[in-house]
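Here's a friendly walk through one protein chain, piece by piece. Keep the 3D view open and follow along as we go.

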Amino acid sequence: MSPASANNQYWLLNSISGWRESAPFESPLQSDGVLSLQLNDDKSLSLQTLPGEAEVFVPDPTGLAACPAALTHDACDRTYVLDAASNRVVSIDASENTWPISDFGGLGSQPRQFDAPRGLAMVRGALVVSDTGNHRVQVFSPPPYALLQLWGRDGGTAGNGTKEFRWPWGVASDHCGNIYVADRGNGRIQKIALDGTWLATIGAGALSDPTELAVSPLGTLAVIDGTVHSTGGAVHLFKSGETASTILSGVDRPRAVAFDSAANLYIGTATGLVFHFTPDAKSPDGYALVGSTATGLDATVVSMIWTAGSGLLGIFQDNASLVRRLWTISTDGSRATTGQYTTISIDSGIEDCSWDRVTLIGTVPDGSAVKVEYFTSPVAVDGANPTAIPVSNPNDGPPYTFVGDSVDPTSNTPSSSAPTSSSSSCANTADQALTCLIQADPGRYLRLRFTFTSNGESTPRISAIKVFFPRQSYLQYLPAVFQQDDESRDFLDRFLSIFQATFDDFDSRIDSMWRLFDPDSVPAKYFDWLAAWLQLPTDPTWPMAKKRAMLKKAAADYRQRGTVAGILQAIKDYAGVGDGVALVEHFRLRNWPLLPIGAQLGGDARLWSRQFYQRLQVATFSQVGAFRLTDRPEPAAEASDWGANEFSVFFPADPYDAQGASAKVSAVVEREKPAHAQANYVPVLPRFRVGVQATVGVDTSIGGYTHIVLGSLSRLGYDAILGCSPQQRDLEKLGATVQPIAGVNTRLF
């Protein structure tokens with residue numbers, strides 16, 4: 001993209017338009033050989049995470065597993081611990097219930113028995129156990145744990161053929177259901193399908209003492225090798241489909257390995273450290289080091305797995321007492337202390353362009369900082385080496401450093417426009433716009449370098465970067481005398497840019513103010529303000545899409561407010577009751593008197609009651625020339641009186657929450673109806689009773705079967721009878737019953 005020359009232009013760098021980084025984040029940015037920056041799930045840029053300190057796993061299965069040797073985890077959030085002392089597998093469910101699986105295990109050489117097992121894996125619900133002392137591997141189905149496969153020589157002797165083993169150790173599986181076995185005594189890895197089909201030998205000739213292993217979601221196999229000597233050990237990586245390995249550098253005395261769902265690699269060592277590596281296509285071994293962290297334990301990591309809920313789960317053996325225990329390690333415990341992001345050359349399309357300013361959209365919490373450096377040139381300097389470190393021009397100004405919630409006073413003072421939070425150290429702080437001036441020599445091309453720093457606990461998060469050009473300050477509106485010498489012009493240009501950056505934000509707000517009055521575009525935080533203009537009541541539990549739809553049709557709803565259609569629509573919108581609602585106005589149900597053919601008024605047929613006519617009798621209740629109505633006698637209810645201001649609302653309701661439904665409907669109707677009108681509420685239950693409820697769509701709804709609740713939903717002899725179900729009658733014909741009978745179909749506790 002090479003933008004044309006014009007005022008008020010800017011380059012936007014983010015995950016959508018592209019970060020234009022000199023080293024792709026997928027091939028991660030590195031600082032001193034250590035990966036330090038990452039793209040988060042929300043596509044913001046931050047410092048990488050490191051594992052945290054270890055915490056005791058709860059519940060502690062030590063009482064059932066005296067010598068835990070291996071771990072695995074299933075999709076039902078159950079953890080399995082292989083105990084080399086009792087030769088059994090202990091199961092721990094999500095409710096922290098712990099018990100040994102008694103369907104298999106125990107010391108012996110018979111099928112389903114073990115001798116000093118060392119490896120455990122879960123493959124599509126099946127448990128795979130490396131029976132090390134018997135030189136074999138056994139595969140058990142999900143409960144009831146049938147023995148599906150048994151690989152190895154008969155009699156439990158060692159072998160070196162296919163599906164034969166000498167001291168099999170760690171086991172692992174991939175997403176295809178294939179099983180990898182560390183054949184320790186034979187110095188190789190055997191790959192076998194779950195159905196027993198032998199697939200491949202991996203690492204023969206390269207491995208000497210393979211113990212623990214893991215497979216990434218991308219198919220990369222990581223193997224711990226050479227731990228027979230206490231000071232040795234190496235991590236071999238085998239890419240999917242390849243038999244040659246590369247040795248991962250930077251880890252001393254590795255002992256256990258695990259991958260997470262994003263293919264990040266974690267390695268535990270004999271000194272209690274946990275190293276974090278991330279995939280890196282540019283590295284020779286395919287992985288780049290993020291960093292390492294101390295777990296706080298002086299222990300050797302025996303085995304380690306990754307779980308979605310708990311992070312890393314490992315078996316640690318204390319280096320002093322040799323006691324083994326389960327610990328959890330958070331994969332998001334701390335942050336890398338520093339990292340850099342450098343852009344490639346950004347083209348302004350303007351010769352000798354005076355670059356204006358840089359705005360970072362994001363947060364810089366307390367304890368962290370972002371340093372901004374800039375480098376201009378007349379030509380693109382990327383060439384064949386886009387990762388080359390930029391070189392400053394002699395007159396490039398000082399960098400800017402955004403520090404926590406404040407600004408480093410030793411640097412040029414940047415502006416923070418329109419902050420959305422008073423403290424950027426809050427956990428859920430919204431993005432801010434952090435702006436600084438570019439004080440570099442003019443040049444068509446610009447490169448930027450951002451240095452992130454942290455105290456290990458917090459990290460800057462940058463979601464977007466705007467690079468404005470060319471600089472068009474208010475200096476152009478001043479008399480020419482202010483630009484006579486270069487020094488004065490440069491100073492005023494930079495000084496006035498501070499005010500322009502602020503006023504540009506005001507202009508931007510004015511330009512986008514129309515969005516505040518459009519239901520489709522008003523920001524969520526201003527929606528209630530706009531809704532208040534129309535006195536639109538909203539439910540805070542509504543999704544934003546429904547709120548916007550209600551606001552768009554508010555004017556149309558107001559035009560029919562107080563009418564039958566308006567009330568029915570309000571019930572649908574606010575009470576959550578849709579089809580089946582009916583509103584009946586009582587005056588429409590009046591039974592007007594009908595004169596038979598030939599009949600005359602004044603005889604036995606009257607339009608009004610006798611008491612009404614008595615009021616008009618001269619000399620009794622009235623006087624000629626002075627018509628006077630009295631309140632005696634009280635007239636009977638007249639035909640035009642009944643139902644003049646009443647109506648009934650029929651609505652479907654759950655028999656077990658009819659009162660709650662009535663409360664919701666009445667709250668809406670009382671708000672929407674005319675003040676003089678009186679409403680009656682009739683919840684319609686899903687039953688059909690001739691003479692009581694019998695008009696489908698008005699006072700009857702056809703619904704699912706509901707149990708009768710005497711005294712609440714029904715009355716014996718009126719709308720309920722006692723009986724039994726057809727299914728129970730059929731059981732009684734067979735001599736059976738569904739009633740609980742102690743000792744027959746019921747056990748007392």
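## A helix with two sides

Let's start with helix α3, residues 544-552, in what is a predicted model. Its buried residues are K547, R548, M550 and L551. They span an arc of only 160° around the axis, so they sit on the same side of α3. Turn to the other side of α3 and you'll find A545 and K552, which are exposed.

So what covers the buried residues of α3? The cover includes three other helices: α2 (527-533), α4 (554-559) and α5 (564-574).

## The whole chain at a glance

Now zoom out. The chain has 749 residues, and buried ones make up 45% of them. Its secondary structure comes to 8 helices and 44 strands.

How much of the contact in the chain links residues 24 or more positions apart? Taking the contacts with a separation of 6 or more, such pairs account for 56%.

## A four-stranded open sheet

Next, look for the open sheet made of 4 strands, which run in the order β8-β9-β10-β11 with antiparallel pairing. At its edges are β8 (68-73) and β11 (98-100), and each of these pairs on one side only. From one strand to the next, the twist averages 20°.

A bit of background helps here: strands in a sheet pair through backbone hydrogen bonds, and they can do this in a parallel or an antiparallel way. For a close-up, take β8 and β9 (residues 79-83), which pair in the antiparallel sense over 5 bridges. One bridge to pick out is that of T72, whose partner in β9 is Y80.

## A hairpin with an enclosed strand

Further along the chain, strand β28 covers residues 299-307. Is β28 largely enclosed or largely open? Of its 9 residues, 8 are buried, so β28 is largely enclosed by the rest of the structure.

Strand β29 (residues 311-318) pairs with β28 in the antiparallel sense, over 8 bridges. A hairpin of 3 residues takes you from β28 to β29. To see one bridge, find V301 and look across to F316, its partner in β29.

## Aromatic rings that meet

You can describe a pair of aromatic rings by how far apart the centres are and by the angle between the planes. The chain has 15 aromatic pairs, counting rings whose centres lie within 6.5 Å. In one of them, F114 and F140, the ring centres are 6.1 Å apart and the planes are at 80°, so this pair is edge-to-face. The two rings come from distant parts of the chain: F114 belongs to the loop between β11 and β12 (119-123), F140 belongs to strand β14, and 26 residues separate them. Both are tucked away: F114 is buried with a relative accessible area of 0%, and F140 is buried with 0% too.

For another angle, try F259 and Y287, whose ring centres are 6.2 Å apart with planes at 55°, so they form a tilted pair. F259 is in strand β24 (residues 254-259) and Y287 in strand β27 (residues 287-294), so the pair ties together parts 28 residues apart in sequence. F259 counts as buried at 8% relative accessibility, and Y287 is buried too, at 6%. Back at F114 and F140, ring pairs also bring in F104 and Y145, and these four residues make a cluster.

## Two residues worth a visit

Q138 is found in strand β14, residues 136-140. Is Q138 buried or exposed? With a relative accessible area of 0%, Q138 is buried, because the cut-off for that is under 20%. The side chain of Q138 makes a polar contact of 3.4 Å with the side chain of D131. Beyond its neighbours within four places in sequence, Q138 is in contact with residues including P111, F114, V129 and L147.

R253 sits in the loop between β23 (246-248) and β24. At 25% relative accessibility, R253 counts as partly exposed. R253 and D225 are 28 residues apart in sequence, while their C-alpha atoms are 9.9 Å apart in space. What does R253 touch, not counting residues up to four places away in sequence? Those residues are S230, T231, G232, T269, A270 and T271.

Notes: Residues numbered from 1 in each chain as written. Predicted model: local features only at pLDDT ≥ 70, side-chain atom pairs only at ≥ 80, totals over all residues. Heavy atoms only, no water. Buried < 20%, exposed > 50% of the residue type's maximum accessible area, 1.4 Å probe, protein only. Helix = DSSP H or I, 4+ residues; strand = E, 2+ residues; numbered from the N terminus. Pairing = 2+ DSSP bridges. Axes fitted to C-alpha atoms, helices over the stretch in contact; angles between N-to-C directions. Polar contact = N/O pair within 3.5 Å; in protein donor to acceptor, adjacent residues only side chain to side chain. Contact = heavy atoms within 4.5 Å. Arc of directions from axis to C-beta. Phe/Tyr/Trp six-rings, centres within 6.5 Å; stacked < 30°, edge-to-face > 60°.
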